[in-house]
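User: I'm new to this one and would like a close look at a single part. Could you walk me through the place where the two halves of the chain come together?

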Amino acid sequence: MLKKVYEILLNRFGPQGWWPVYSKNKKYEICIGAILTQNTAWNNVEKALSNLRKDNLLEPKEILRISEKKLKRLIKPAGFFNQKAKRIKRFTKFFLDNPDPTREELLAIKGIGPETADSILLYAFNKPEFVIDAYTKRIFSRFGLIKTQKYSKIKLLFEKRIKKDVKIYKEYHALIVKLAKEYCRKKPICERCPLKNICKKTESSH
Ligand code: SF4
């Protein structure tokens, strides 16, 4: 079923081209985006990234060079800027010392949880780690495929059923985000959803 969902979504929405990167240091920009997007919407992250980009600061050495105060000011649009500035500084030191980090190493950094670690591994380091976010939990609970909200269990389910392929994992996550934004919103628009014929939530109506 998870494979079928992927095919339907890809067919409806097409490739999403996620993660968007604009600076030279793509890997680093993705990592910083993954930290900035914690508890906030992507359009706020874009504003923060654009502030950093304007000053050519999306480089690890530059981020370590500027003061925490300045960093806070630049990333303010992404919210929780006090915490996030500390996280970014801490992560950046780690990034410079660890060119090929493991999941365990990332999770050991204060402020990096499983979702951030998996986003970094998948999108920046091209490792086949499936990313689970609030959208994934919402859609697949409604859909009737998951009964737990536990990150590790949901991740395992996807990784068991979907071939470990970086390209597919990247695309699948992006398609989930797209579906959640377009149809499976807080208040779902089931009538127009591409999954309506196979979703448990609409089962009674067809
Ligand atoms: S049919 Fe409704 S509940 Fe099911 S995935 Fe689509 S929008 Fe969400």
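Analyst: Here is a walk through the meeting of the two domains, with a short stop at the ligand afterwards. Keep in mind that this is a predicted model.

Let's start with the layout. Domain 1 is made of two stretches, 2-16 and 130-205, while domain 2 covers 26-124. Measured out over C-alpha atoms, their centres are 26 Å apart. Where the domains touch, 11 residues from domain 1 are in contact with seven from domain 2.

How much area gets buried there? The size of an interface is often given as the accessible area lost when the parts come together. Between domain 1 and domain 2 that comes to about 770 Å², with 66% of it from carbon and sulfur atoms. On the domain 1 side, three residues stand out: V131, Y151 and K170 supply 58% of the area that domain 1 buries against domain 2, more than any other three residues.

There's a charged link too. One salt bridge is found across the interface of domain 1 and domain 2. As for side chains, K155 and D118 pair up in a salt bridge, with 3.3 Å from N to O.

Now for the ligand. Its surroundings include R142, Y183, C184 and P188. The shell around the ligand has six nonpolar residues, one polar and three charged. The space that the ligand takes up is the largest cavity.

Key
Residues numbered from 1 in each chain as written. Predicted model: local features only at pLDDT ≥ 70, side-chain atom pairs only at ≥ 80, totals over all residues. Heavy atoms only, no water. Near = heavy atom within 4 Å. 1 Å grid on protein atoms, 1.4 Å probe; cavity = no way out; pocket = protein on both sides within 12 Å on 5 of 7 lines; lining within 4 Å. Sits in = over half its atoms within 2 Å of the grid points. Nonpolar A, V, L, I, M, F, W, Y, C, P; charged D, E, K, R; others polar. Domains from an automatic or database assignment. Contact = heavy atoms within 4.5 Å. Buried area = accessible area lost by both parts, 1.4 Å probe. Salt bridge = Lys/Arg side-chain N within 4 Å of Asp/Glu carboxyl O.
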